[in-house]
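Trainee: Please take a close look at a single part for me, the disulfide count and what goes with it. How many disulfides does the count come to?

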Amino acid sequence: QVQVVESGGGVVQPGGSLRLTCTLSGSGRSFNDANVAWHRQAPGMRRHSVAGITENGRIWYEPSLNGRFTISRDTADNTIHLRMDNLMPEDTAIYLCNYRAEKDYWGQGTQVTVSS
């Protein structure tokens, strides 16, 4: 029973920061065994990826983020983190974690709202 759960969202002012966490559970499952990506989706817009990390630790980002986000993996507790700095209103979205194993597993998402 693979389960992906996102947490850490909230409401912040422009310029603020948040740290999101993606937690994986399931017998024999590990973030080290597959690619994992963070996606976001705003109302009325398509879901798209913003950052990812492969099983060997290779990291990629959506270029428009301009270096504001940082993805990392904590092997000890099987979590993936997304640190978001200098947040802007356009970052407002539901953020979802995608565990790409034999199929794509998704969490329910965590809401990030950037507003003054």
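Mentor: Start with a term: accessible areas come from the Shrake-Rupley method with a 1.4 Å probe. On that basis, the protein chain has an accessible surface of about 6,200 Å². Carbon and sulfur atoms hold 47% of that surface. Keep in mind that this is a predicted model.

First, the setting. The protein chain has zero helices and eleven strands. Read from the N terminus, its elements run β-β-β-β-β-β-β-β-β-β-β. The radius of gyration is 14 Å, close to the 13 Å that the globule rule gives for 116 residues, so the chain is as compact as a globular protein of that length. Along the principal axes, the C-alpha atoms fill a box of roughly 45 × 25 × 25 Å. Of the 116 residues, 39% are buried. Take the contacts with a separation of 6 or more: 51% of them come from residues 24 or more positions apart. Charge is quickly stated. There are 11 positive and 11 negative side chains. The centres of the two sets lie 3 Å apart.

Now your part. The count comes to one disulfide. A disulfide is a covalent bond between the sulfur atoms of two cysteines. Here Cys22 is joined to Cys97, with an S to S distance of 2.0 Å. The cut-off for the pair is 2.5 Å between the sulfur atoms. The angle about the S-S bond is -85 degrees, and the link of Cys22 and Cys97 is left-handed. The pair links distant parts of the chain. Cys22 sits in strand β3, residues 18-25. Cys97 sits in strand β9, residues 93-100. The two cysteines are 75 residues apart. Both Cys22 and Cys97 are buried.

One neighbour deserves a look: Asn78, which touches Cys22. Where is Asn78 placed? In the loop between β7 (69-74) and β8 (79-84). Is Asn78 buried or exposed? Buried means under 20% relative accessible area. Asn78 has 14% relative accessibility, so it counts as buried. Its contacts beyond four places in sequence also include Thr23 and Leu24. Arg29, Ser30 and Phe31 are on that list too.

Put the pieces together. A buried cysteine of β3 is bonded to a buried cysteine of β9. A buried loop residue, Asn78, touches the β3 partner, Cys22.

Key
Residues are numbered from 1 along each chain as its sequence is written. This is a predicted model: local features need pLDDT of at least 70, side-chain atom pairs count only at pLDDT 80 or more; totals for chains, interfaces and linings use all residues. Side-chain values use heavy atoms; hydrogens and water are left out. Helices (H or I, at least four residues) and strands (E, at least two) are DSSP runs, numbered from the N terminus. The radius of gyration is taken over C-alpha atoms; the globule rule is 2.2 Å times the number of residues to the power 0.38. Buried means under 20% relative accessible area, exposed over 50%, partly exposed in between (1.4 Å probe, protein chains only). Contact means heavy atoms within 4.5 Å. Lys and Arg count as positive and Asp and Glu as negative; His and the chain ends are not counted. The place of a charge is taken as NZ of Lys, CZ of Arg, CG of Asp or CD of Glu.
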